[in-house]
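Me: I am new to reading protein models, and I would like to go through one slowly. Could you take me through its features, giving the general idea before each case?

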Amino acid sequence: MSEYYTMKIAGLERKLEKFPVSDSLDIAAFIIFGDVELTIAGCKELLDRVPEFDVILTPEAKSIPMAYEMARQSGKPYIIARKGVKVYMRNPLEVSVTSITTQKEQKLYLGETEVEQITGKRVLIIDDVISTGESLAAVRELVSRAGGIEAAACAFLAEGDAADRDDIIFLEKLPLFFK
């Protein structure tokens, strides 16, 4: 039988199913895929809170709907840091990351075309949930290596200790569930 954590995000109530990460820790899974109502409302609320920016950057994959919707609402372009090199990516930049949800090392890449879109620009980094900050650190490294200027980093949710950070903008706190 599944357990859930109920919370409000951008004024909308959602039930998040809990899943074990280890013998001593559960997380409440926040999956934005398919939730158009929450994507639109949350992106509007985040855009009201962030400073001026030129381009949006997000890691693949769960925050892609947010990147699209924030780009649609703001009229600014978005870029996805890919988890694999594609044939159309010339001279890719690469950084490594280990996040709480993947539990293994992954790599993020930007191709030459994406780097050119970031160079000298104010970059808004977005993600669905910031927890350990490992994914955020990797995206920040990509921005720096691409010659971009971080405008801000934001997420719908800050999980666990991330809610105490002062270097991110988020809508709601998401607790960790220790057993």
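Reply: Let us start with burial, where a residue counts as buried if its relative accessible area is under 20% and as exposed if that area is over 50%, with partly exposed in between. Please keep in mind throughout that this is a predicted model.

Me: Which residues of α2 are buried, then?

Reply: In α2, which covers residues 64–74, the buried residues are M66, A67, E69, M70 and A71. These buried residues pack against α1 (36–49), β4, β5 (78–81), β8 (122–130) and β9 (149–159).

Me: Several of those partners are strands, so how should I read a sheet?

Reply: The general idea is that strands of a sheet pair through backbone hydrogen bonds, either parallel or antiparallel. In this model, one open sheet has 5 strands in the order β5-β4-β8-β9-β10, and the pairing is parallel. The strands β5 and β10 (169–174) stand at the edges with a single partner strand each, so one side of each is left without a neighbour in the sheet. On average, and with direction ignored, neighbouring strands here are turned by 25 degrees against each other.

Me: How many bridges join β4 to β8, and what packs on this sheet?

Reply: There are 3 bridges joining β4 to β8, and the two strands run parallel; as one case, I56 has L124 in β8 as its bridge partner. Helix α2 packs on the sheet, where it touches β4, β5, β8 and β9, and its direction makes about 140 degrees with that of β8. Helix α4, residues 134–145, also packs on the sheet and touches β4, β5, β8 and β9, with a direction that makes about 165 degrees with that of β8.

Me: Where would I find antiparallel pairing?

Reply: Antiparallel pairing is found in an open sheet of 4 strands, whose order is β1-β2-β3-β11. Here β1 and β11 are the edge strands, and because each has a single partner strand, one side of each is left without a neighbour in the sheet. The antiparallel pair β1 and β2 is held over 6 bridges, and I9 has L12 in β2 as its bridge partner. Helix α1 packs on this sheet by touching β1 and β2, and its direction makes about 100 degrees with that of β2.

Me: I would also like to understand the backbone angles; what should catch my eye there?

Reply: Most residues other than glycine have a negative phi, and most peptide bonds are trans. With that in mind, look at A10, a residue other than glycine whose phi has a positive value near 55 degrees. A10 lies in the loop between β1 (4–9) and β2 (12–22), and because its relative accessibility is 16%, A10 counts as buried. A positive phi, near 80 degrees, is also found at G75, which follows α2.

Me: Which peptide bond is cis?

Reply: The bond from E60 to A61 is cis, with omega near 20 degrees. A61 is found in the loop between β4 (55–59) and α2.

Me: Finally, how do I read a salt bridge, and how many are there?

Reply: The idea is to look for a side-chain nitrogen of Lys or Arg within 4 Å of a carboxyl oxygen of Asp or Glu, and by this rule the count comes to 15. In one of them, R14 pairs with D35, and their closest N and O atoms are 2.6 Å apart. This pair links distant parts of the chain, since R14 is in strand β2 and D35, 21 residues apart from it, is in the loop between β3 (25–28) and α1. Both R14 and D35 are buried.

Me: Is the pair of D26 and K179 made of buried residues or exposed ones?

Reply: That pair has one of each kind: D26 is buried because its relative accessible area is 14%, whereas K179 counts as exposed because its relative accessibility is 58%. The closest N and O atoms of D26 and K179 are 2.9 Å apart. The two residues are 153 residues apart, with D26 in strand β3 and K179 in the segment after β11 (177–178).

Me: What does a salt bridge within one helix look like?

Reply: Take E141 and R145, which both lie in helix α4 and are 4 residues apart, about one turn of the helix. Their closest N and O atoms are 3.6 Å apart. E141 is partly exposed because its relative accessible area is 38%, and R145 is partly exposed because its value is 42%. Salt bridges can also join into a network, as they do here for R140, E150, R165 and D167.

Technical notes: Residues numbered from 1 in each chain as written. Predicted model: local features only at pLDDT ≥ 70, side-chain atom pairs only at ≥ 80, totals over all residues. Heavy atoms only, no water. Buried < 20%, exposed > 50% of the residue type's maximum accessible area, 1.4 Å probe, protein only. Contact = heavy atoms within 4.5 Å. Pairing = 2+ DSSP bridges. Axes fitted to C-alpha atoms, helices over the stretch in contact; angles between N-to-C directions.
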